[in-house]
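Trainee: I've just been handed a new structure and I'd like to learn how to read it. Could you walk me through it?

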Amino acid sequence: MHSQQSISQWTALAVMILACVNWVNAHTIIVYPGYRGNNLHTNGSVEEAGGLGSAYVNDTTIYPYGMQWMYPCGGMPTSTNRTKWPIQGGAISIQPGWFQGHATAFFYFNLGLGAIPPNMSNPMLPPFQIIGPSANPYPGTFCLPQVPLPAGLTVNVGDLATIQVIETAKHGAALYNCVDIEFALPEDCVKVTQDNCFNSSDIAFADIYEVNVTTSAAPPSLMAPGFTPISFVTLITMLFAGLLI
Ligand SMILES: *[C@@H]1O[C@H](CO)[C@@H](O)[C@H](O)[C@H]1NC(C)=O
Ligand SMILES: *[C@@H]1O[C@H](CO)[C@@H](O)[C@H](O)[C@H]1NC(C)=O
Ligand SMILES: *[C@@H]1O[C@H](CO)[C@@H](O)[C@H](O)[C@H]1NC(C)=O
Ligand SMILES: *[C@@H]1O[C@H](CO)[C@@H](O)[C@H](O)[C@H]1NC(C)=O
Ligand SMILES: *[C@@H]1O[C@H](CO)[C@@H](O)[C@H](O)[C@H]1NC(C)=O
Ligand SMILES: *[C@@H]1O[C@H](CO)[C@@H](O)[C@H](O)[C@H]1NC(C)=O
């Protein structure tokens, strides 16, 4: 029932947005708690920008590869319309499958502190992977109802911050999307419901494990000059897909 309703909402939104943007391979929408604004834009040409991701041409900024590729917030400046978000952490709901290329994707949720955060270097969760239904654009949402604050951080009602959502494409490049928040008591925040926070059945999750492989007998060809076999440490990120939840 509600998934059908959500799909038709998605379709309506998709038609609306796709009508005004070029077809590019990217992108996320932050359903809850919202986003700085629609940054599903691509304009100008790579030649005009001299190969840069953005350039200032004829008194406007162009994004020939698409705005969402720009660190830290997909080309969007800090907004004035802040959303209230709980002081003990809360829900983050994402539509990951706009446009093609996200059969799988890694997600990172970070927090930047202050009105205009100096950085977004405070992870809220370890990265995780989603597995979508196909490499084509797909509808659907996933939602983590209780994303915590970064470890060791406490905040007060009224403190300002920005939540940064990063989705990596299969080639490793990252898409950025942000929402500016003001910390508030849970009862003062937009209520989390089955309509704004649910998991579509065709999006699965996988954990990402970091395995510290320390070898004392690595082949010499793998070593940079000055490295001894004892100090050769490789961190291999291994994906255990199939841990469907
Ligand atoms: C903030 O305003 C922009 C522009 O009107 C809008 O697209 C966006 O959804 C708003 N964000 C929030 C969190 O209200
Ligand atoms: C900038 O102006 C030139 C000359 O009018 C025009 O050819 C070009 O398309 C413009 N580029 C953009 C991105 O507006
Ligand atoms: C390109 O898109 C950006 C972001 O939407 C906009 O600010 C800018 O005016 C656009 N430039 C042109 C030449 O369309
Ligand atoms: C990031 O910003 C925080 C303040 O939000 C500051 O304490 C921290 O030193 C900064 N970290 C880096 C790596 O710049
Ligand atoms: C969606 O799935 C994730 C991973 O299993 C889970 O942590 C989260 O609670 C689920 N969200 C909802 C709204 O049930
Ligand atoms: C990896 O393991 C080695 C040997 O146990 C240890 O010295 C090193 O600190 C570890 N690195 C990380 C990042 O955990």
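Mentor: Happy to. Let's begin with a term: two strands pair if DSSP finds at least two bridges between them. Here, S6 and S10 are an antiparallel pair with 8 bridges. One spot to look at is Phe-109, which faces Val-165 in S10. Do keep in mind that this is a predicted model.

Trainee: What holds strands together in a sheet, in general?

Mentor: Strands in a sheet pair through backbone hydrogen bonds, and the pairing can be parallel or antiparallel. Now back to the case on screen. S6 covers residues 104-113 and is joined to S8, residues 128-131, by 4 bridges in the antiparallel sense. In that pairing, Phe-107 has Phe-128 of S8 as its bridge partner. S6 also pairs with strand S7, residues 122-123, again antiparallel, over 2 bridges. There, Asn-110 is matched with Pro-123.

Trainee: Which strand does S8 pair with over 4 bridges, besides its link to S6?

Mentor: That's S12, residues 204-214, and the two run antiparallel. Find Ile-131 and you'll see Ala-204 of S12 opposite.

Trainee: Let me step back. How many helices and strands does the protein have?

Mentor: The count is 1 helix and 13 strands. If you follow the sequence, the helix comes at the start of the pattern, and the strands come after: α-β-β-β-β-β-β-β-β-β-β-β-β-β. Another thing to check is how far apart along the chain the touching residues are. Of the contacts with a separation of 6 or more, 73% are between residues 24 or more positions apart.

Trainee: How do I read the order of strands in a sheet?

Mentor: You list the strands by who sits beside whom. One example here is an open sheet of 3 strands, ordered S1-S5-S9, with antiparallel pairing. Its edges are S1 (29-32) and S9 (142-147), each of which pairs on one side only. On average, neighbouring strands in this sheet are turned by 30 degrees against each other, ignoring direction. Zoom in on S1 and S5 (residues 90-95), and you'll find 3 antiparallel bridges. Ile-29 is placed opposite Gln-95 of S5.

Trainee: And the inside of the protein? What share of the residues counts as buried?

Mentor: In soluble globular proteins, nonpolar side chains tend to be buried together. In this protein, 32% of the 245 residues count as buried. The largest nonpolar core has 38 residues, and the ones with the most contacts inside it are Ile-92, Phe-109, Ile-163, Cys-178 and Ile-181. Elements giving two or more residues to that core are S1, S5, S6, S9, S10 (160-168) and S11 (174-184). S11 gives the most, with 6 residues.

Trainee: What does Ile-92 touch?

Mentor: Setting aside neighbours within four places in sequence, Ile-92 is in contact with Tyr-32, Phe-109, Leu-144, Val-147 and Ile-163.

Trainee: Now the ligands. Which residues surround ligand 3?

Mentor: To read a site, first name the residues around the ligand, then sort them by class. For ligand 3 they are His-41, Asn-43, Gly-44, Thr-60, Thr-61, Ile-62 and Tyr-63. That shell has 2 nonpolar, 5 polar and no charged residues.

Trainee: Is Thr-60 buried or exposed?

Mentor: Thr-60 has 9 other C-beta atoms within 10 Å, so it is exposed. Thr-60 sits in S3, residues 60-62. Its C-alpha atom is 9.9 Å from that of Gly-44, although the two are 16 residues apart along the chain.

Trainee: And Thr-61, why does it count as partly exposed?

Mentor: Thr-61 counts as partly exposed because it has 14 C-beta neighbours inside 10 Å. Thr-61 belongs to S3 too. Beyond residues up to four places away in sequence, Thr-61 touches Ser-54 and Tyr-56.

Trainee: Which residues are around ligand 1 and ligand 4?

Mentor: Around ligand 1 you'll find Gly-34, Tyr-35, Gly-37, Asn-38, Ser-79, Asn-81, Thr-83 and Val-179. They divide into 2 nonpolar, 6 polar and no charged. Ligand 4 has Leu-113, Gly-114, Pro-117, Pro-118, Asn-119 and Ser-121 around it. That shell splits into 3 nonpolar, 3 polar and no charged.

Key. Residues numbered from 1 in each chain as written. Chains lettered and ligands numbered in written order. Predicted model: local features only at pLDDT ≥ 70, side-chain atom pairs only at ≥ 80, totals over all residues. Near = placed C-beta within 6 Å. Nonpolar A, V, L, I, M, F, W, Y, C, P; charged D, E, K, R; others polar. Axes fitted to C-alpha atoms, helices over the stretch in contact; angles between N-to-C directions. Buried ≥ 20, exposed ≤ 12 C-beta atoms within 10 Å, placed from the backbone. Contact = placed C-beta atoms within 7 Å. Core = buried A, V, L, I, M, F, W, Y, C linked by C-beta atoms within 7 Å.
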